[in-house]
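Please open the structure in your viewer and keep the selection tool at hand. The tour goes from the whole chain to single residues and back to helices, one selection at a time.

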Amino acid sequence: AAGDAVSASYVEVGSTGVRDLLHGGASCQLLTDASGEVQPVPVVEVRVQGSAGLQALFDYGTGVRATAATGVHDASSRSHAIFRLSVQRASAAAGDAGSLTLVDLAGSEQRIDSDQHDARRAREGAAINASLLALKDSIVTLATDGQFRSTAGGRHPLTQLLRASFEPGSRTTVLATVSPSSKDTEHTLNTLRHACVMHGQQQQGAQPGVQGATGGQLGPVYIRGGQTETQHVGEIDVAAARKRLMQEEARRAGDGQGVFRKEFGELYPADTRKQERQAAAAALRLQKKAMAQLQAASAAQAAALIEALEATARGLGLNMFQSARLQHRIKVKHQVASAGVRAVMRDRAALGAATDGGAVGEDGGSCRA
């Protein structure tokens, strides 16, 4: 509606922590604010300039996101991406904003996928699996005892950033991407299991292969209800994908990234420093290319992003959008606490009046405390 304001932030959670994709991949810290909500700090949050600006802003952040060739995909995501939109209604109080959080979870990796990975890729895969396990355990715990917490990963960055999406009053939709290829059967089943767990389908029931105490087959039911839509995507050229992967491996070896210590599977120090310099130069090129594309798509959105970057560079605290939402949450908490105190005082006053006036017993006599 007219007068409403939409702002956006874009971060990724990887093996090295949280990075701000709208700030060229700058590192963020996860801090708990005065209302108890976890915030990435510092983070760039920019006002959206129309639908074209929103798409251009999303493409800008996606262009900076970390990807690499693996045994499954030639441009596999090496992190979880969180694109968050905040909507401030003109008729609502300042800071009373709704949010839409779009999350792209990196796929879990099995041993067969990482047989050609170096030590860095192996650490990334381990971090991805650990974060997915923490998220799944948090959702299972929420379904069992009503608390969104992880028994496996503790206070994991992914679960902290997504906690608000599972609070009362929120709605979550899971879109699972699966492959029709038979070689990806294990990945497909694992993805469907995760999606069903997030949907809350863990009621006990008939499950093939699980023997119950009474002789029947009991276990968690992962497939129940829901809607299924099938879309034929045609044949997948696995040979061509493998060829692209081999070409990428050959290119990396030519750049000096394929020299390993055989006993440890890690790069020599000189090669490691060279790899870091190359990665920094590649990230800078990606950022410049993404900014050029953003300016070409929406000059107004590019100007708004530059303004937000300058505001973030001037301070290390919350941005103005985060501050407004924090002040509103604190105000609401104070109002709720004050209402509770007033209710307790009224109850005590009513109890005192009843005690002073006495109460009539069943025999007609007067009972006093």
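Begin with the whole chain on screen, and consider its contacts between residues with a separation of 6 or more: residues 24 or more positions apart account for 56% of them. Keep in mind that what you see is a predicted model. If you colour by secondary structure, eight helices and 13 strands should appear, and of the 369 residues in the protein, buried ones make up 31%.

**Stop 1: the charged pairs**

Side chains of opposite charge can pair when their charged atoms come close. How many salt bridges does a search of the whole structure find? The search finds six, and three of the pairs named below are good places to start.

Select Glu-12 and Arg-19, which form a salt bridge whose closest N and O atoms are 1.8 Å apart; both Glu-12 and Arg-19 are buried.

Next select Arg-329 and Asp-33, whose side chains meet in a salt bridge with an N to O distance of 2.8 Å. Arg-329 belongs to helix 8 (residues 320–357), whereas Asp-33 sits in the loop between strand 3 (26–32) and strand 4 (38–41), so this pair ties together parts of the chain that are 296 residues apart in sequence. Are these two residues buried or exposed? Arg-329 and Asp-33 are both buried. Add Glu-37 to the selection, and you will have a network of salt bridges that links Asp-33, Glu-37 and Arg-329.

Now move to Glu-45 and Arg-325, another salt bridge, in which the closest N and O atoms are 3.0 Å apart. This pair also links distant parts of the chain, since Glu-45 is in the loop between strand 4 and strand 5 (46–47) while Arg-325 is in helix 8, 280 residues apart. Glu-45 and Arg-325 are both buried.

**Stop 2: a cis peptide bond**

Select Val-41 and Pro-42 and look along the backbone between them, where a cis peptide bond joins the two residues, with omega at about -15°. Pro-42 is found in the loop between strand 4 and strand 5.

**Stop 3: the nonpolar cores**

In soluble globular proteins, nonpolar side chains tend to be buried together. The largest nonpolar core here has 22 residues, and to find it you can select Leu-22, Val-46, Tyr-60, Leu-294 and Leu-305, the residues with the most contacts inside it. At least two core residues come from each of strand 1 (5–14), helix 1 (50–64), strand 8 (80–88), helix 6 (269–297) and helix 7 (299–313). Which of these elements gives the largest share of the core? The answer is helix 7, which supplies five residues.

Stay with Val-46 and show its surroundings: leaving aside neighbours within four places in sequence, Val-46 is in contact with Val-6, Ser-7, Ala-8, Leu-22, Leu-57, Gln-301, Ala-304, Leu-305 and Ala-308. Apart from this core lies another one, of 13 residues, which you can locate by selecting some of its members, including Val-18, Ile-139, Leu-162 and Phe-166.

**Stop 4: helix 7 and its two sides**

Select helix 7, which has 15 residues and reaches 21 Å from its first C-alpha to its last, close to the 21 Å expected at 1.5 Å a residue. Its buried residues are Gln-301, Ala-302, Ala-304, Leu-305, Ala-308, Leu-309 and Thr-312. Because these residues cover an arc of only 160° around the axis, they are on the same side of helix 7. Turn to the other side of helix 7, and you will find Ala-299, Glu-307 and Ala-313 exposed.

**Stop 5: two polar residues**

Select Thr-101, which is found in strand 9 (residues 97–104), and then Arg-84, since a polar contact of 3.0 Å joins the side chains of Thr-101 and Arg-84. Beyond its neighbours within four places in sequence, Thr-101 is in contact with Ile-82, Phe-83, Arg-84, Leu-162 and Ser-165.

Finish with Gln-160 in helix 3 (residues 157–162). Gln-160 counts as buried because its relative accessible area is 10%, and the cut-off for buried is under 20%. Not counting residues up to four places away in sequence, Gln-160 touches Val-38 and Arg-155.

Conventions. Residues are numbered from 1 along each chain as its sequence is written. This is a predicted model: local features need pLDDT of at least 70, side-chain atom pairs count only at pLDDT 80 or more; totals for chains, interfaces and linings use all residues. Side-chain values use heavy atoms; hydrogens and water are left out. A salt bridge is a side-chain nitrogen of Lys or Arg within 4 Å of a carboxyl oxygen of Asp or Glu. Buried means under 20% relative accessible area, exposed over 50%, partly exposed in between (1.4 Å probe, protein chains only). Helices (H or I, at least four residues) and strands (E, at least two) are DSSP runs, numbered from the N terminus. Contact means heavy atoms within 4.5 Å. A nonpolar core is a set of buried Ala, Val, Leu, Ile, Met, Phe, Trp, Tyr and Cys residues joined through side-chain atoms within 4.5 Å. The expected span of a helix is 1.5 Å times one less than its number of residues. The arc is that of the directions from the helix axis to the C-beta atoms. A polar contact is a pair of N or O atoms within 3.5 Å; within protein, one must be able to donate a hydrogen and the other to accept it, and residues adjacent in sequence count only if both atoms are side-chain atoms.
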